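Please read the following report alongside the sequence and the coordinates. It deals in turn with charged pairs, one helix, backbone geometry and a patch on the surface.

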Amino acid sequence: MQLDRTAAVVTGGASGLGAATAAALAGRGVSVFVLDLPAAVDAADRLEGVEYLPTDVTDAEQVRAAVGAAAQSGVPLRTVVNCAGIGPAARILGKSGVHDLGLFAKVVEVNLVGTFTVLALAAEQIARTEPDEQGQRGVVVNTASVAAFEGQIGQVAYSASKGGIVGMTLPAARDLAQYGIRVCTIAPGIVETPMLSTVSEEFRASLAAGVPFPPRLGRPDEYAQLALAIIDHDYLNGEVIRMDGALRMAPR
């Protein structure tokens with residue numbers, strides 16, 4: 001799909017996977033609109049030519065306004081990359097009692113419902129654009145996790161939310177096919193993101209040692225590279241692609 005002189009929405013784009021993807025898209029001549037929480041936007045290392053819109057993906061009206069801004073930018077909205085997410089850990093039965101029910105709902109609301117909200121409201125805008133010569137209007141890339149398949153102890157909420165993203169990939173692609181919109185999902189393994197910034201170097205080394213090959217943590221720019229490959233590859237649709245160095249997570 002042609003990217004130059006088009007617009008893209010990247011959620012969670014103020015840091016980590018989203019920031020790397022926003023930079024890669026901007027480098028391809030895309031007008032990028034980053035959607036992230038106000039505090040994250042304030043702290044972001046801002047990229048030239050990228051517009052940052054404080055947005056909570058769990059607030060449909062905020063998402064509608066932000067997506068509308070991207071759609072009215074003067075170039076067609078073609079791309080959506082959903083990277084916004086949270087990953088708190090808690091066991092179903094822990095030392096402090098039963099899993100916080102509100103926390104479980106919050107993780108699902110941000111990771112799964114937020115992804116769907118952006119997908120749906122962006123698809124509404126993309127469907128209004130003129131298709132290209134092949135009938136294409138756009139592509140949505142969502143972010144799951146290997147935890148969707150091999151969730152570890154303490155990841156019940158996170159795994160459930162990411163498993164939901166995997167599960168909606170194919171039906172979303174089928175739903176939106178009539179509008180020329182493709183939908184794919186990336187399921188990363190262990191990637192160097194701000195979520196890992198609080199752990200020790202020793203622990204990070206142990207995580208890297210568990211990856212068959214290459215025996216290291218993934219990089220956000222590798223996620224961005226894969227996202228752009230999906231966007232460029234017109235025959236990729238309805239697929240979930242693992243990016244994990246052949247890692248299969250152990251129970252803990």
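In this predicted model, arginine 248 and aspartate 244 form a salt bridge whose closest N and O atoms are 3.2 Å apart. Aspartate 244 counts as buried, because its relative accessibility of 13% falls under the 20% limit. The count of salt bridges in the model comes to 11, and three of them are set out below.

| Acidic residue | Basic residue | Closest N and O atoms |
|---|---|---|
| Aspartate 244 | Arginine 248 | 3.2 Å |
| Glutamate 124 | Arginine 128 | 3.5 Å |
| Glutamate 222 | Arginine 219 | 3.6 Å |

The partners in the second row are both open to the surface to some degree: glutamate 124 is partly exposed, with a relative accessible area of 34%, while arginine 128 counts as exposed at 58% relative accessibility. This pair also belongs to a network of salt bridges that links Glu61, Arg64, Glu124 and Arg128. In the third row, glutamate 222 has a relative accessibility of 19% and counts as buried, because the limit for that class is 20%. Its partner, arginine 219, is partly exposed, with a relative accessible area of 37%.

Helix H4 covers residues 101-126. Does its length agree or disagree with what 26 residues should span at 1.5 Å a residue? The expected span is 38 Å and the end C-alpha atoms lie 36 Å apart, so the two values agree. The helix is nevertheless bent, by about 35 degrees, at glutamate 109. At the start of H4, a side-chain oxygen of aspartate 100 comes to within 2.8 Å of the backbone nitrogen of glycine 102.

Further along, threonine 115 also has its place in H4, and with a relative accessible area of 3% this residue is buried. A polar atom of the threonine 115 side chain lies 2.6 Å from the backbone oxygen of asparagine 111. An α-helix has 3.6 residues a turn, so residues three or four places apart point the same way. Alanine 122 is another residue of helix H4, and is buried with a relative accessible area of 0%. Between the C-alpha atoms of alanine 122 and arginine 252, which are 130 residues apart along the chain, the separation is 37 Å.

A second residue with no accessible area by this measure is valine 63, which is buried at 0% and is placed in helix H3, residues 60-71. The C-alpha atom of valine 63 is separated by 38 Å from that of alanine 205, a residue 142 positions away along the chain.

The backbone has several features that deserve a closer look. Most residues other than glycine have a negative phi, and most peptide bonds are trans. Which residues are joined by a cis peptide bond? They are phenylalanine 213 and proline 214, with omega at about -5 degrees. Proline 214 is found in the loop between helix H6 (201-209) and helix H7 (220-232).

Positive phi values occur in two residues that are not glycine, as described here in order along the chain. Arginine 5, in the segment before strand S1 (7-11), has a phi of about 60 degrees. Arginine 5 counts as exposed because its relative accessibility is 58%, which is over the 50% limit. Alanine 246 has a phi near 70 degrees and is placed in the segment after strand S9 (240-243). With a relative accessible area of 46%, alanine 246 is partly exposed.

On the surface, Ile92, Leu93, Val98 and Val156 make up a nonpolar patch of about 390 Å². One of these, valine 156, has its place in helix H5, which runs over residues 156-176. Why can valine 156 be counted in such a patch? Its relative accessible area is 31%, which makes it partly exposed, and patch residues need over 30%, so valine 156 passes that cut-off.

Technical notes:
Residues are numbered from 1 along each chain as its sequence is written. This is a predicted model: local features need pLDDT of at least 70, side-chain atom pairs count only at pLDDT 80 or more; totals for chains, interfaces and linings use all residues. Side-chain values use heavy atoms; hydrogens and water are left out. Patches are made of residues with over 30% relative accessible area and no salt bridge: like charges are joined within 9 Å, nonpolar side chains (Val, Leu, Ile, Met, Phe, Trp, Tyr) within 5 Å. Accessible areas come from the Shrake-Rupley method with a 1.4 Å probe; for residues, only the protein chains shown count as cover. A salt bridge is a side-chain nitrogen of Lys or Arg within 4 Å of a carboxyl oxygen of Asp or Glu. Helices (H or I, at least four residues) and strands (E, at least two) are DSSP runs, numbered from the N terminus. Buried means under 20% relative accessible area, exposed over 50%, partly exposed in between (1.4 Å probe, protein chains only). The expected span of a helix is 1.5 Å times one less than its number of residues. The bend at a residue is the angle between axes fitted to the seven residues ending there and the seven starting there. A polar contact is a pair of N or O atoms within 3.5 Å; within protein, one must be able to donate a hydrogen and the other to accept it, and residues adjacent in sequence count only if both atoms are side-chain atoms.
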